[in-house]
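Please open the model in a viewer and keep the sequence panel visible alongside it. The tour below proceeds by selection, one region at a time.

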Amino acid sequence: MLGILARTMAKDLWYKVKPCGRLVRPVAPTRIPGRYLSHQEGLPKLPVPSLQQTCERYLATLEPIVDEEELSHTKELLAEFQKAGGVGERLQKGLERRARKTENWLSDWWLTTAYLDYRMPVVVHSSPGVVLPRLEFSDRQGQMRFAAKLIAGVLDFKTMIDNETLPVEYLGGKQLCMNQYYQVLSSCRVPGLKRDSVVNHAHRSRPPTHITVVHNFQFFVLDVYNSDGTPLTVDQLYMQLEKVWSSSLQTNKEPIGILTSNQRNSWGKAYNNLIKDKTNKDSVQAIQKSIFTVCLDAPMPCVSDELYHSRAAVQMLHGGGSRWNSGNRWFDKTLQFIIGEDGSCGLMYEHAPAEGPPIVSLIDHVVEYTKKSEMVRTPMVPLPMPQKLRFNITPEIKKDIEKAKQNMNIMVHDLDVKVIVFSHFGKNVPKTHKMSPDAFIQMGLQLAYYRMYQRCCATYESASLRMFKLGRTDTIRSCSIDSANFVKAMDDPAKQKIEKVTLLEKAVKAHRAYTDMAIHGQAIDRHLLGLKLQAIEDLTSMPEIFMDTSYAVANHYNLSTSQVPAKTDCVMCFGPVAPDGYGVCYNPMAEHINFAVSAFNSCNETNAAHMAQRLEEALLDMRMLLESTPKAKL
């Protein structure tokens with residue numbers, strides 16, 4: 001179950017976060033020391049929901065996905081669990097004690113359980129990719145020029161973080177925790193034999209002043225600040241990138257970065273072997289300490305315009321395999337911006353330090369920045385040659401690289417991704433009918449899945465807990481009794497249209513209510529996980545509710561989904577969290593919706609293109625239902 005949680009978290013973004021003011025604006029030159037800390041101190045602590053409330057809501061979520069016999073058995077187990085003076089009450093008190101003693105009773109447990117203890121590769125199984133709008137250039141000069149602007153844009157955003165002038169974000173009128181913004185730059189995951197760790201160099205007395213650039217599988221350290229502390233201009237960055245490019249023309253180098261794509265225990269073992277050599281250790285540390293990484297990719301195989309976004313999605317997720325750009329990465333790095341010679345552009349990020357909000361805010365800022373003309377005069381100072389990182393490849397390391405290549409190519413062949421631009425409508429249509437766009441899209445997903453499989457399934461949608469100090473996420477369970485009633489009625493000829501509309505409205509309202517409950521810290525999933533981890537910490541026997549078939553079914557997410565609203569016309573993508581499941585990410589724009597659907601080819605029952613098509617049909621049918629029913633026109 002914990003593995004599923006980790007893979008699910010590759011989607012954890014946010015629900016309609018509103019920044020206070022525009023992020024893209026002239027950065028205040030003055031520091032506001034202590035602003036971040038004082039803001040954080042004012043945030044409330046994550047609550048522990050009541051045991052009775054969680055048990056009742058857990059039963060309600062099981063109703064549409066387990067059979068009556070199993071549900072009856074789970075009711076008995078929950079009654080036993082909640083008895084006065086029983087195991088549930090004891091674990092609840094333990095959790096409440098933990099909540100009093102810590103800043104956030106969940107955050108450390110979550111980081112360890114969902115990410116650092118998770119041993120599957122971060123590629124496909126945890127790290128999301130983001131596809132940005134296709135760029136017009138088709139040569140290396142265009143690639144370098146855009147990369148230089150992008151780097152300057154990220155450094156501009158970094159200035160707001162460093163100066164503590166980043167606008168505080170709000171959700172439903174409440175201030176949000178801004179901690180994750182301080183975790184994404186100059187940080188990196190480090191593999192371990194049984195558990196990974198995350199290092200963050202941003203808060204050191206001498207924070208890093210360099211980025212890493214990788215081209216043709218070769219890594220370079222590029223200092224991005226002048227000696228007076230000012231960032232390099234776009235022209236200076238361009239000249240430095242040209243030096244990197246001309247120093248890495250050979251394509252026969254060992255793709256050392258592909259080691260980071262391996263299963264975590266295997267990579268942990270190879271890592272320890274790799275860093276025995278001092279040169280290798282220094283090179284690895286230079287990558288880990290860098291502010292972020294820029295991957296200058298070779299062109300990918302040409303495809304039609306229709307398939308371009310799907311091809312770009314896999315490039316951002318895994319690089320296309322060992323023959324293409326999978327060795328042109330350091331997958332443990334929190335932020336990797338990917339710019340292809342063919343105009344493909346995007347990024348991927350390692351998920352342990354943060355969810356999507358800081359990433360997407362940064363993207364929106366950088367995309368706007370790249371559109372501006374450069375106004376800064378370039379100082380006429382000679383810049384040092386970017387430093388090429390050296391690796392001594394022993395026969396054992398070479399063997400590890402070959403194994404990592406094989407495993408990567410298996411993952412590449414297994415992942416099926418379909419990106420579609422749903423051009424018929426966007427947020428405008430649900431809003432016309434006074435419905436939450438997110439809830440409307442989620443009901444479309446429920447209908448699409450039901451039409452394909454004639455059953456309902458456990459569905460994950462992430463909800464932000466950033467109203468609370470150090471808050472991460474909880475689960476919106478989109479499959480409910482109300483959504484089940486709607487999807488079963490939708491294609492039933494015996495049902496009147498007016499009844500179907502009523503059921504849709506009820507399902508949308510139920511989803512909206514669950515979302516509100518989740519963002520206020522009253523959902524069930526993290527509470528149940530906390531009770532389970534409390535039992536492990538107390539060294540007591542595992543309560544039967546966690547050994548129950550219903551619990552396994554509830555945590556087998558055939559649909560793992562996330563809404564990623566961005567100003568930029570981009571789409572995020574990620575792998576499924578179950579072998580027979582789908583990963584669905586979407587960016588609802590005003591008049592269209594970007595969808596990325598993923599599945600595994602190794603499962604005969606799933607097909608990303610079929611799901612994308614069914615989703616499109618479901619949304620169109622739901623609009624037609626609303627527009628052709630008298631009640632909807634009132």
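## The whole chain

Begin with the complete model, which is predicted, in cartoon representation: the protein has 21 helices and 19 strands. Its radius of gyration is 25 Å, close to the 26 Å that the globule rule gives for 634 residues, so the protein is as compact as a globular protein of that length. Along the principal axes, the C-alpha atoms fill a box of roughly 75 × 60 × 50 Å.

Switch to a surface display next. The protein exposes about 25000 Å², and carbon and sulfur atoms supply 54% of that area. Of the 634 residues, 62% are buried. Among contacts with a separation of 6 or more, 78% are accounted for by residues 24 or more positions apart.

## The sheet of eight strands

Return to the cartoon and select the eight strands that form an open sheet of mixed pairing, in the order β12-β8-β7-β9-β10-β11-β2-β17. Strands β12 (387–388) and β17 (571–573) stand at the edges; each has a single partner strand, so one side of each is left without a neighbour in the sheet.

Now move to the β12 edge. Strand β8 (residues 218–223) is joined to β12 by two bridges, and the two strands run antiparallel. Display Val-221, which stands opposite Gln-387 of β12. Then add helix α8 (residues 234–246), which packs on the sheet and touches β7 (210–215), β8 and β9 (293–297). The direction of α8 makes about 40 degrees with that of β7. Add helix α10 (residues 278–289) as well: α10 lies across β7 and β8 and runs at about 110 degrees to β7.

## The annotated positions

Select His-351, which UniProt lists for "active site" in an unreviewed entry. Which two elements flank the loop that holds His-351? The loop lies between β11 (345–349) and α12 (356–371). With a relative accessible area of 0%, His-351 is buried.

Select next Tyr-460, Ser-462 and Thr-473, which the unreviewed UniProt entry lists for "binding site". Ser-462 is located in strand β14 (residues 459–464). Is Ser-462 buried or exposed? Its relative accessible area is 3%, and Ser-462 is therefore buried.

## The sheet of six strands

Strand β14 leads to a further sheet: six strands form an open sheet with mixed pairing, in the order β13-β19-β18-β16-β14-β15. At the edges stand β13 (415–422) and β15 (473–477), each with a single partner strand, so one side of each is left without a neighbour in the sheet. From one strand to the next, the twist averages 25 degrees.

Within this sheet, select strand β16 (residues 559–563) and strand β18 (residues 582–588), which run parallel and are joined by five bridges. Thr-561 has Val-584 in β18 as its bridge partner. Add helix α13 (residues 395–414), which packs on the sheet and touches β13 and β19 (593–600); its direction makes about 45 degrees with that of β13. Helix α20 (residues 608–627) also packs on the sheet, touching β13, β16, β18 and β19, and its direction makes about 25 degrees with that of β13.

## Phe-440 and its contacts

Select Phe-440, in helix α15 (residues 437–453). Phe-440 counts as buried, at 0% relative accessibility. What does Phe-440 contact, its neighbours within four places in sequence left aside? The contacts are Phe-425, Pro-430, Met-435, Leu-504, Val-508, Leu-619, Met-622, Arg-623 and Leu-626. Draw a distance from Phe-440 to His-511 as well: these residues are 71 apart in sequence and 8.9 Å apart in space, C-alpha to C-alpha.

## Enclosed elements

Select helix α6 (residues 107–116). Eight of its 10 residues are buried, so α6 is largely enclosed by the rest of the structure. The buried residues of α6 include Trp-109, Trp-110 and Tyr-115.

Finish with strand β5 (residues 187–190), which is covered on both faces. Ser-187 and Arg-189 on one side, and Cys-188 and Val-190 on the other, are all buried. A hairpin of six residues joins β5 to β6, and β5 pairs with strand β6 (residues 197–200) in the antiparallel sense over four bridges. Display Arg-189 with Val-198 of β6, which stands opposite.

Key. Residues numbered from 1 in each chain as written. Predicted model: local features only at pLDDT ≥ 70, side-chain atom pairs only at ≥ 80, totals over all residues. Heavy atoms only, no water. Pairing = 2+ DSSP bridges. Contact = heavy atoms within 4.5 Å. Axes fitted to C-alpha atoms, helices over the stretch in contact; angles between N-to-C directions. Rg over C-alpha atoms; globule rule 2.2 N^0.38 Å. Buried < 20%, exposed > 50% of the residue type's maximum accessible area, 1.4 Å probe, protein only. Areas by Shrake-Rupley, 256 points an atom, 1.4 Å probe, with all protein chains shown as cover. UniProt positions renumbered as here; feature names shortened; annotations may be inferred.
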